Amino acid sequence: LPLRMDSGADTRKIILKKLSKAIIYFVIIALAIPLIVGSITGTSIASLLTLISSTFVLQAGAPILGVALGISNPVIIITMFCFALGMVLAVLEICDSLSETSVRVQKWLEKMEKASAKYPQLQKYGVISCFFIAWIPPFGIYGAPVFAWLMNWKRLHAIIIIVASFTVASLFVLFFANKITEIMLLAANLGAMIFIILSMVTLGLSTTVSQVLAPLKDKNLMSRAILANFILVPVLAYLLVTGLHLPAGIAIGLILVGTAAGSPFLARANQIPADKRELAGGL
């Protein structure tokens, strides 16, 4: 590349040409193709534009929004792929405009090339690092092509690796976005189990056997506790089921909870005053 430009007009001409190419790449690849695919598949244009615009900020995390907007998985992945390809090509064109119009940038690139020439393995295999760089937010899809350009790695290899990395990251996010309900349900169930177990372990370790057995000697107290747990609460559950005409699944669940004497009470044992812990353990 020439180290000096003939005039400021030539410089502006090159910059305008490169920026125009960058815009064209992005508009055609990152916008037009997804919109065409969306129109073919019956996807809302507004939803697609929202997904594309959110990708500027969320990058590979945008598929979560795509799922929330009701966009099908194939359309989301095609959109992510096109966005990555269009953005990488646009960024590289902008970088080229700097190298072709700035003597300082050209000299700096020459120094980088001479320094990297001392490490042939880096020149040969270093482009693979772009796969991992593209995963790092907010550097991601914007920084990876710039880094590849600075290191003067083969452009085609860099484009393929960066776009593939962004697409894989999007697939990873999309998988969890589609499974978010199951994941949250599993987390809730595990959280409830852990809380109950830890509460009961804490109660058991904070009292002795004699302290637990002492309240059981109070026949009047135990009679009332048995009456409440095994008669009043189950009867109340039955009356609610029959009176409210609950669906079968909810009705069965309410009856089961009503006849599970004491278990909801023990889960809150950690909040019981110290002088009542022995009673809680006994019950």
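In which helix is the place of Leu98? In this predicted model, Leu98 has its place in helix α4, and that helix is a useful thread to follow through the structure. Before following it, it helps to see the whole: the protein has 15 helices and zero strands, and of its 283 residues 33% are buried. The protein exposes about 17200 Å², and 73% of that area is supplied by carbon and sulfur atoms. If we take the contacts between residues at least 6 apart in sequence, 72% of them join residues at least 24 apart.

Leu98 itself gives an example of residues that are separated along the chain and yet can be compared in space, since Leu98 and Ile15 are 83 residues apart in sequence, while their C-alpha atoms are 7.9 Å apart. Leu98 has a relative accessibility of 42%, and because this lies between the limits of 20% for buried and 50% for exposed, Leu98 counts as partly exposed.

We can now turn to a partner of this helix. Two packed helices are described by the angle between their axes and the distance between the axes. Helix α4, which covers residues 73-101, packs against helix α9, residues 155-178, at an angle of about 145°, and the two axes are 9 Å apart; the crossing of α4 past α9 is right-handed. On the side of α4, the residues that meet α9 include Ile76, Ile77, Met80, Phe83, Val88 and Leu92, and those they meet in α9 include Ile159, Ile162, Val163, Phe166 and Leu174. Sorted by class, this contact has 16 nonpolar, four polar and two charged residues.

Phe83 leads us on to the aromatic rings, for which the count comes to eight aromatic pairs. In one of them, the rings of Phe26 and Phe83 have centres 5.7 Å apart and planes at 80°, so this pair is edge-to-face. Because Phe26 lies in helix α1 (residues 8-41) and Phe83 in helix α4, the pair ties together parts that are 57 residues apart in sequence. Both Phe26 and Phe83 are buried, and ring pairs link these two with Phe56 and Phe166 into a cluster.

A further edge-to-face pair is formed by Phe147 and Trp153, because their ring centres are 5.5 Å apart and their planes stand at 70°. Here the two partners differ in their exposure: Phe147, at 31% relative accessibility, counts as partly exposed, whereas Trp153, at 7%, counts as buried.

Technical notes
Residues are numbered from 1 along each chain as its sequence is written. This is a predicted model: local features need pLDDT of at least 70, side-chain atom pairs count only at pLDDT 80 or more; totals for chains, interfaces and linings use all residues. Side-chain values use heavy atoms; hydrogens and water are left out. Axes are lines fitted to C-alpha atoms, for helices over the stretch in contact, and angles run from 0 to 180 degrees between N-to-C directions. Helices (H or I, at least four residues) and strands (E, at least two) are DSSP runs, numbered from the N terminus. A crossing is left-handed if the near helix is turned anticlockwise from the far one by less than a right angle, and right-handed if clockwise. Contact means heavy atoms within 4.5 Å. Ala, Val, Leu, Ile, Met, Phe, Trp, Tyr, Cys and Pro count as nonpolar, Asp, Glu, Lys and Arg as charged, and the others, Gly among them, as polar. Buried means under 20% relative accessible area, exposed over 50%, partly exposed in between (1.4 Å probe, protein chains only). Accessible areas come from the Shrake-Rupley method with a 1.4 Å probe; for residues, only the protein chains shown count as cover. Rings of Phe, Tyr and Trp (its six-membered ring) pair if their centres lie within 6.5 Å; planes under 30 degrees apart count as stacked, over 60 as edge-to-face and the rest as tilted.
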